Amino acid sequence: MTGKPVLHYFNGRGRMESIRWLLAAAGVEFEEELFETREEFEKLIQGGALMYEQVPMVEIDGMKMVQTRAILRYIAAKYDLYGRNRAEQAWIDMYVEGLRDLSDMIMFFPLSLPEEKAMNLEYILQRATTRFFPVYEKALKDHGQDFLVGNRLSWADVQLLEVILMAEECEASVLSGFPLLQDFKVRTSQIPAINRFLQPGSQRKPPLDEESMGTAKDIFKFEQGMFLKNMSTIVAEY
């Protein structure tokens with residue numbers, strides 16, 4: 001054992017990407033065990049390492065942690081990215097949970113049927129610019145600091161930058177009406193640990209493409225209807 005966290009997932013973003021982001025922002029080196037076939041995934045399940053037979057799974061501090069939010073919260077607390085008191089933690093949780101709603105919409109977007117992509121993209125951008133980004137623009141204005149909570153980097157800031165960049169992959173001008181978020185993106189991207197993660201050759205994964213989508217479907221035995229149901233549920237709830 002090297003002492004580094006070990007991330008078990010397929011070679012794509014998915015639910016693991018936010019974990020990669022948070023570890024990178026904390027300056028923590030990590031290793032990855034990336035499976036490429038259904039057989040490799042089933043071997044992990046049969047070995048008893050996955051509590052719910054699901055990934056992401058992260059080996060850290062002698063534990064085999066599952067469930068994305070539990071993993072993220074543990075990492076944030078361990079590496080001092082989870083506020084200085086309960087009030088700050090509550091604000092971080094609220095900001096992060098809102099960002100999760102938007103990131104899920106963007107995550108499922110490539111799985112849209114061709115005839116639905118334009119409609120889904122319009123919906124995502126509309127929600128981003130009328131419901132979600134105004135919240136964070138106002139938060140930065142009201143707080144008057146470089147960060148969302150307190151006066152130092154937190155999990156909420158890392159998650160916000162990740163989602164901003166995801167949204168810009170959908171539409172480069174998505175932040176055009178949000179000057180404080182534009183400044184936040186530039187400022188936070190220049191933090192050394194984060195800047196290293198944003199460079200080519202890092203462990204950051206590219207957006208989902210046809211090849212990686214096919215690999216994920218083969219590994220997890222997804223059906224097209226499942227993707228559509230996920231996207232439809234998000235649209236219905238928001």
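Does tyrosine 95 count as buried or exposed, and at what relative accessibility? At 11% relative accessibility, tyrosine 95 counts as buried, and the views below, all taken from a predicted model, begin with helix H1 before coming back to this residue.

**View 1. Helix H1 and its surroundings.** Helix H1, which covers residues 17-25, is mostly covered, with nine of its nine residues buried; among them are Ile19, Trp21, Leu22 and Leu23. The buried residues of H1 pack against strand S1 (6-10), strand S2 (31-35) and strand S3 (57-60), and also against helix H3 (68-78), helix H6 (155-170) and helix H8 (192-197). Just after H1, glycine 27 takes a positive phi of about 75 degrees.

**View 2. The open sheet beside helix H1.** Four strands make up an open sheet in the order S2-S1-S3-S4, and their pairing is mixed. Strand S2 and strand S4 (63-66) are the edge strands, each of which pairs on one side only, and from one strand to the next the twist averages 20 degrees. Strands S1 and S3 run antiparallel and are joined by three bridges, with histidine 8 standing opposite methionine 57 in S3. H1 lies across S1, S2 and S3, and runs at about 150 degrees to S1.

**View 3. Phenylalanine 41 and phenylalanine 220.** The structure holds ten aromatic pairs, and one of them is formed by phenylalanine 41 and phenylalanine 220, which meet edge-to-face at 5.1 Å centre to centre with 75 degrees between the planes. This pair links distant parts of the chain, since phenylalanine 41 belongs to helix H2 (residues 38-46) and phenylalanine 220 to helix H9 (residues 210-220), 179 residues apart. Phenylalanine 41 is buried, with a relative accessible area of 4%, and phenylalanine 220 also counts as buried, at 18% relative accessibility. Both rings belong to one aromatic cluster, formed by Tyr9, Phe10, Phe35, Phe41 and Phe220.

**View 4. Tyrosine 95 and tyrosine 136.** The ring centres of tyrosine 95 and tyrosine 136 are 5.7 Å apart and their planes lie at 55 degrees, so the pair is tilted. Because tyrosine 95 lies in helix H4 (residues 86-108) and tyrosine 136 in helix H5 (residues 117-143), the pair ties together parts that are 41 residues apart in sequence. Tyrosine 136 counts as buried at 2% relative accessibility, and tyrosine 95, as stated at the outset, counts as buried at 11%.

**View 5. A charge over a ring.** The charged end of lysine 117 sits over the ring of phenylalanine 109, at 6.0 Å from the centre of that ring.

How values were computed
Residues are numbered from 1 along each chain as its sequence is written. This is a predicted model: local features need pLDDT of at least 70, side-chain atom pairs count only at pLDDT 80 or more; totals for chains, interfaces and linings use all residues. Side-chain values use heavy atoms; hydrogens and water are left out. Buried means under 20% relative accessible area, exposed over 50%, partly exposed in between (1.4 Å probe, protein chains only). Helices (H or I, at least four residues) and strands (E, at least two) are DSSP runs, numbered from the N terminus. Contact means heavy atoms within 4.5 Å. Two strands pair if DSSP finds at least two bridges between them. Axes are lines fitted to C-alpha atoms, for helices over the stretch in contact, and angles run from 0 to 180 degrees between N-to-C directions. Rings of Phe, Tyr and Trp (its six-membered ring) pair if their centres lie within 6.5 Å; planes under 30 degrees apart count as stacked, over 60 as edge-to-face and the rest as tilted. A charge sits over a ring if NZ of Lys or CZ of Arg is within 6 Å of the ring centre and within 35 degrees of the ring normal.
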